[in-house]
Each structure stands twice: as C-alpha cells, then as structure tokens.
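Q: Please take a close look at a single part of this protein and set that part in the context of the whole chain.

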Amino acid sequence: MAITSANQLELLQTAEAVAREKQIDPGLVVEAMEESLARAAKSRYGAEMDIDVSIDRKTGRATFTRVRTVVEEEELENYQAEFSVDQAKPYFEQPKAGSYWMREGAVVEDFSGAPQVGDTLVEEVPPVEMGRIAAQSAKQVILQKVREAERDKQYEDFKDRAGTIINAQVKREEYGNVIVDVGTGEAILRRNEKIGRESYRPNDRIRCFIKDVRREQRGPQIFLSRTAPEFMAELFKMEVPEIYEGIIEIKAVARDPGSRAKIAVISYDGSIDPVGACVGMRGSRVQAVVNELQGEKIDIIPWNEDMPTFLVNALQPAEVSKVVFDEEAERIEVVVPEEQLSLAIGRRGQNVRLASQLTGLDIDILTEEEESKRRQAEFEVRTKLFMETLDLDEFFAQLLVSEGFTNLEEVAYVEVDELLVIDGVDEATAGELQARARDVIDAQNAKALENARALGVEDSLIAFEGLTPQMIEALANDGVKTLEDFATCADWELAGGWTVVDGERSKDDGSLEPFDISLEEAQDMIMTARVMLGWVDPDDLVSAEESAEDEEQEA
C-alpha cells in the first residue's frame, strides 16, 4: 500500500471511526498510525535510520522525514542517524530543498555560522510502498496502541469509582468467577466475593460493589464484591435518604454473607430514630436490602460511644447481665444468664462473632454460674496469699479480700484509714499488718535482686528509676540485662500487645505485663533510657511532644 492522495483522507476517516467505536481520542489513533508507518519506513530504508512520520490532521497527508543529529566526533556511532560537525558543514552551508535545520526546538534561519553539537537536520524522504508483511505489522502496531488507549481510558473512568456500586451485565462465568461488562471493558467478581452459591447466566443484570481498581500489565483490573461490608452500607445509603443526606451515619457493619449481618447506625437529629428510618415503613427499606443480599437477615443496632452499652446492643437479641471492659487489651467480658448463652453465642458462634467484628473487640461470654465460680476461685487464691504471707487466719484474710485488697503492695502502702474501716481493725492492728506486708515485700525484693545479679544484670539497669527488683528479675529472665538492652526494647515487648495475623488477633506477652505496665508507661521508660544513654536529644523529645499536642488540638 502506498500513501497517495487517493487514500490520505481515508487515514483520517479510519482514525475517527476507530476512535468513535472505542470511545478514545482520535489523536491517539493517528499517533499509532504515524508509529506504524515509521516502522514500515525503517524496514524499507534501514533500521538504523531515524525516520519520523507526521500525518496532517486536516488533509491526512503523511510526511516521511529522516532526522540526523550533530554529535562530537568521538561519540559518533550510528552513521545513518548521526554525523560530526565536519560532516554536517556541507548540509548546513547549502541546505537541500525540502530539508531544514533545528536548534533547541526552533528552526534555524541564520546559516552564517557553523553547525553545533545537538543540531538536527530534517530531510523529507519519499513515501514507502507497504508490502503485505509491512502492512500487517502496521496493523498490529495500531491495534496495540488502540488497546493501550482503551485501558488508559478504562482506568481513568473507574479509578475514582472504587467504593461505589455498579450495575453491570454478566458476560460469562469462568471457573466460578463471573466476568461482567462495565461498558468500556470487563470487571471480575471472584468466586469468594459472591454470596453463598450464587450463579448467573449471560446477560443477567448484577449489582456489585467496586472493591478495587488496579493498573496492571495486562490493563486495568476492576475487582467487584457482593460480600464486602461496604456493599451493604452503600445499599442502605441508596435506600435510606437520611443516610445519603448525612442525618444518619453508618458507624460499623459486620456480615456473614448470605446468612446474617449487623449494622450500627447513629442519628444526628434527635427527632429521627436511626433504627426506624433504616427499617422503613412496614420494613420496606430494609427488605429491599435483604432481597438484594439473597435473604441475608439484618440486625440494625443503635450505635453508642460507651463501648459496653454498644456491645449490649450488638449482642441482641440476647440479654446481658454484666459487662467487664478491658480497654487496654481491647477485650470485653460478657456475663449472661444460663438460658441466654446459646442465644448470645448464636448458631456456630455467629452472633458473638458478628458482635466482635462490629465492635472491634475480643469477646468472652460467660454464664452467671461460670462467672461466680471464677470470682470464688480468685477470692480463694487471694485469701490464701494473705494467709501465707501475712500469717493471718482465714477469716481475717477473707475480710481483707472482701474489702477489695488484691496484693501485698496495696496492704503495705495504702492509707491507714482504709484498713480501719475493716471490722475489728484498730490502729495498732493496721500498723502491724502494714509492717508485715512491707517485711515480706522487702524480702521478696532482696531475693529478686539476688537472682537478677546471678543472671548477670548490670548496675546500670538495677539503678534505673521505675523498675522494681521483681521487674528487673523478669527482664533478666527474658535476656534484658543492661540499660542498653532495655533501651532497644519495643513498648509491646515490655507491656504486651496484640498482633493481627491473617485476620486473627494473637496475644504477645510482655516481660513486664504481670506488673500491669501500660504501653504508655513502657514508652516513657524506654525513651528515658535512650536519653540517659545519649541516643536521643531531650530537646528533640520535647519538640516532638509539643508537635503531637498541636496536631491533637488542630484535630
């Protein structure tokens, strides 16, 4: 095929037709044509030549040009695309018709001087005759460019739509994954993102949540989901105008896709009941969501800032007798009547699992009988501790436990008035109790310190303010024997913490966890040790704290 006046306009017409069909910029198609013609010209004139092709956007005329660049003589490598200053002089002094020189992006008009390194000579060359192979190659280049343009457009169209719902048409099903048509391309609904055993036929309409849009080597990948909690939240936003308008907010969603779900809502208008608004007249609003989710039962729960209260709501329909919240460990203990246990746990643990997802807490459920037994066991352990260490009879030890004393430190260092409220305890008895407790603590400290020294603990760590001998012994048992060792610890290594692995929270035991050291206290001690060692400048520490406070105030 030759580029002649007969088919010049046909190039532009073809470009516009392809652009309309693929919904892309016609200029991109023309650029692909220019690249394909340049490749064909190189196969005709030689691969080492620098051939450019420019198609006039109005007339369709294709201009073939050869470009040669002036380089230093010692850098001259490609004689077809480069030449030295001396070689360029004849062309510079007497430019041929149809050629021109470029310098720093502008056409050279003054030829009184000499060519400079970096100048380029642009010469028009005759159009090429494209054979069958060249034409096929050009077609492949154009198709590739068009595909790339389609992918770029699809990515631009969908990158900002992640987190929204889309209505699409099913094209086919492959190995359980559903491929859907999204207009400018395809998206995938993976098998594990479908509800239960959903199956679809070609041309079925499907409503999905756009979970992620990624640009990958083979083009943008649009990943859909019908099991994501956000899908339910978006469905409620579509059905409940108050949510869309921001009067009601969805605070949390937990789902067991296709079976049961819990959604926590709050109203910012005291006259609007968030639960009632989501349910709708005769359940019309929630029923529309249930129908879309294949009959998934939905519990709508009022959200509350008080976590124990919120948990009681989340465990509905079970009734809760008592809640004990450990905020630091993010665990919560729930006590329910015996007859409510199975209801609180739910079928295969579904109810408590969803409540845990909704609140973000680990939940332990006990019956009233189990909690009573545990409290009795703790009472007996503490009673035995006081009997053995303070040489008390059982009745007196039980009195101490009943008043809330749990360890020797509380007895030894509490205000005397708190001991005097116990029946039969006068000032002399209280003084004797505290003296015995302090003697036992001193003996335990001495023993712990002796053990720590035997394990090789250095004086720098023993002298560190805030660490008791028992703490130092515990650190030594974990291999922390110097102030430097202590300064390199992480806060969770001292205070303990929680790690999420594959969606499951696992407990990390801390060396000082038995001594009720919080993460904040552990951080303060570690930073103090680093300052003492000169690893951290105290002024930098103060500046960082002030910056953090300023950020909190701004927030």
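The answer below concerns one strand and its partners, followed by the nonpolar cores.

A: The model is a predicted one, and the part chosen here is strand S8, which spans residues 177-181. Four of the five residues in S8 are buried, so the strand is largely enclosed by the rest of the structure. The cut-off behind this statement is a relative accessible area under 20%.

S8 has a pairing partner in strand S7, residues 165-174, and the two run antiparallel over five bridges. Together S7 and S8 form a hairpin, with two residues between the strands. Tyrosine 175 lies in that turn and has a positive phi of about 50°. Glutamate 174 has asparagine 177 of S8 as its bridge partner.

S8 also pairs with strand S9, residues 186-189, again in the antiparallel sense, over four bridges. One of the residue pairs here joins isoleucine 179 to its bridge partner in S9, isoleucine 188. S8 thus pairs with S7 and with S9.

The wider setting is as follows. The protein has 22 helices and 19 strands. Of its 555 residues, 39% are buried. Among contacts with a separation of 6 or more, 53% are between residues 24 or more positions apart. The protein exposes about 31,900 Å², with carbon and sulfur atoms supplying 46% of that area.

In soluble globular proteins, nonpolar side chains tend to be buried together. The largest nonpolar core in this model has 25 residues, and those that touch the most other members are Met232, Phe236, Ile250, Ile263, Leu293, Ile298 and Ile300. At least two residues of this core come from each of helix H5 (229-239), strand S12 (248-256), strand S13 (260-267), helix H7 (274-279), helix H8 (284-292) and strand S14 (297-302). H5 supplies the largest share, five residues. Leaving aside residues up to four places away in sequence, isoleucine 250 touches Ala233, Phe236, Ile243, Ile263, Ala264 and Val265. There is also a second, separate core of 23 residues, and its members include Leu461, Leu467, Leu494 and Ile517.

Cysteines complete the account. The structure holds zero disulfides. Cysteine 278 is buried, with a relative accessible area of 1%, and cysteine 489 is likewise buried, at 9%.

Methods:
Residues numbered from 1 in each chain as written. Predicted model: local features only at pLDDT ≥ 70, side-chain atom pairs only at ≥ 80, totals over all residues. Heavy atoms only, no water. Disulfide = S-S within 2.5 Å. Buried < 20%, exposed > 50% of the residue type's maximum accessible area, 1.4 Å probe, protein only. Contact = heavy atoms within 4.5 Å. Areas by Shrake-Rupley, 256 points an atom, 1.4 Å probe, with all protein chains shown as cover. Core = buried A, V, L, I, M, F, W, Y, C linked by side-chain atoms within 4.5 Å. Pairing = 2+ DSSP bridges.
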